[in-house]
Amino acid sequence: MISAIISIALILIGLSLLRDCRRKKRHASRVELIFGITALVSGAFFLALLSGSKIMDLLNREPEKTRNKSQEKQIVAPAETALEKRIKYLQKYVPPESLADADPRFSTYAGTASSPRLPLVFPYELRMDPEDGTAILGIHTGEAPVDRPNSFKPLINGIEKANFNNRCLVAKMTANDDKKDDENTPKGEYLLFIFSSATITRFETEQKLWDEADDAGFDIEEIMYAPKILREHYFEDVIDSI
């Protein structure tokens, strides 16, 4: 600001001296003329220099603002992992108050080498036998953390193959399923379990299973896998899984 005032003052002094010299003509002092021209040129030079500096500052600031805006646009929320998406899908119909009291690791704990685990729709899960590959459908009791034996209550033994969505589980049972010996349990090689009502229905043929599963909201591919494969898919890309 001060530099600009000085530059303008020099210009005005130079113009004033030149005007006086022009009036005096022959009587004008050469010193006055030289000083007037010097003041005018110096003032104009410094003013031009200041103007150029201001322009350069503006040019430098504009890309910086553009960069800041660009950086602001690039700041986005972290994308959900594949596991987080699966958890959100499975727990879609579970009452929030039920999940609020659940063990935080219910949907992420993979079990141990001797008892691999696959979380389903809360509070249900599969526990697997690593030797014969079969699984047990059970319920998380909530009496202990998921890594404790007393946190799991078995419901259905002898699951040879299965598949599930967030509505129900379909399964093919082993030939020696011990539940077939219980006269109070429905018989059949194939099983449908509804998560919301804990309803168990068994069928003699696979086609009857799929027909009922469609009505129950099973909207994915009609195919069943070994429990081990289902677990591997669920914990895919998760470092801590076993």
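Against which helices and strands do the buried residues of α6 pack? In this predicted model, the buried residues of α6 pack against helix α3 (82–90) and against four strands, namely β1 (117–119), β2 (124–128), β3 (135–140) and β4 (152–164). Helix α6 spans residues 227–234, and its buried residues are P227, L230, R231 and Y234. These residues lie on the same side of α6, because they cover an arc of only 100° around the axis. An α-helix has 3.6 residues a turn, so residues three or four places apart point the same way.

The protein chain that contains this helix has six helices and seven strands. Along the sequence, these elements follow the pattern α-α-α-α-β-β-β-β-β-β-β-α-α. The chain comprises 242 residues, of which 33% count as buried. Among contacts with a separation of 6 or more, 46% involve residues 24 or more positions apart. The exposed area of the protein chain is about 15,800 Å², and carbon and sulfur atoms supply 57% of this area.

Helix α3, one of the packing partners of α6, contains R86. R86 is buried yet has no salt bridge. The nearest side chain of opposite charge, that of E236, is 4.7 Å away, whereas a salt bridge requires a side-chain nitrogen of Lys or Arg within 4 Å of a carboxyl oxygen of Asp or Glu. With neighbours within four places in sequence left aside, R86 is in contact with H233, Y234, F235 and E236. Y234 in this list is also one of the buried residues of α6.

Aromatic side chains were examined next. The model contains six aromatic pairs. One of them is formed by Y124 and F195, a tilted pair with 5.8 Å centre to centre and 35° between the planes. This pair links distant parts of the chain: Y124 belongs to strand β2, whereas F195 lies in the loop between β6 (190–194) and β7 (199–203), 71 residues apart. Y124 is buried, with a relative accessible area of 8%, and F195 is buried with a relative accessible area of 5%. The rings of W210 and F218 have centres 5.7 Å apart and planes at 40°, and the pair is therefore tilted. W210 is buried at a relative accessible area of 5%, and F218 counts as buried at 3% relative accessibility. Ring pairs also link Y124 and F195 with F193 into a cluster.

Conventions:
Residues are numbered from 1 along each chain as its sequence is written. This is a predicted model: local features need pLDDT of at least 70, side-chain atom pairs count only at pLDDT 80 or more; totals for chains, interfaces and linings use all residues. Side-chain values use heavy atoms; hydrogens and water are left out. Buried means under 20% relative accessible area, exposed over 50%, partly exposed in between (1.4 Å probe, protein chains only). Helices (H or I, at least four residues) and strands (E, at least two) are DSSP runs, numbered from the N terminus. The arc is that of the directions from the helix axis to the C-beta atoms. Contact means heavy atoms within 4.5 Å. Lys and Arg count as positive and Asp and Glu as negative; His and the chain ends are not counted. Accessible areas come from the Shrake-Rupley method with a 1.4 Å probe; for residues, only the protein chains shown count as cover. Rings of Phe, Tyr and Trp (its six-membered ring) pair if their centres lie within 6.5 Å; planes under 30 degrees apart count as stacked, over 60 as edge-to-face and the rest as tilted.
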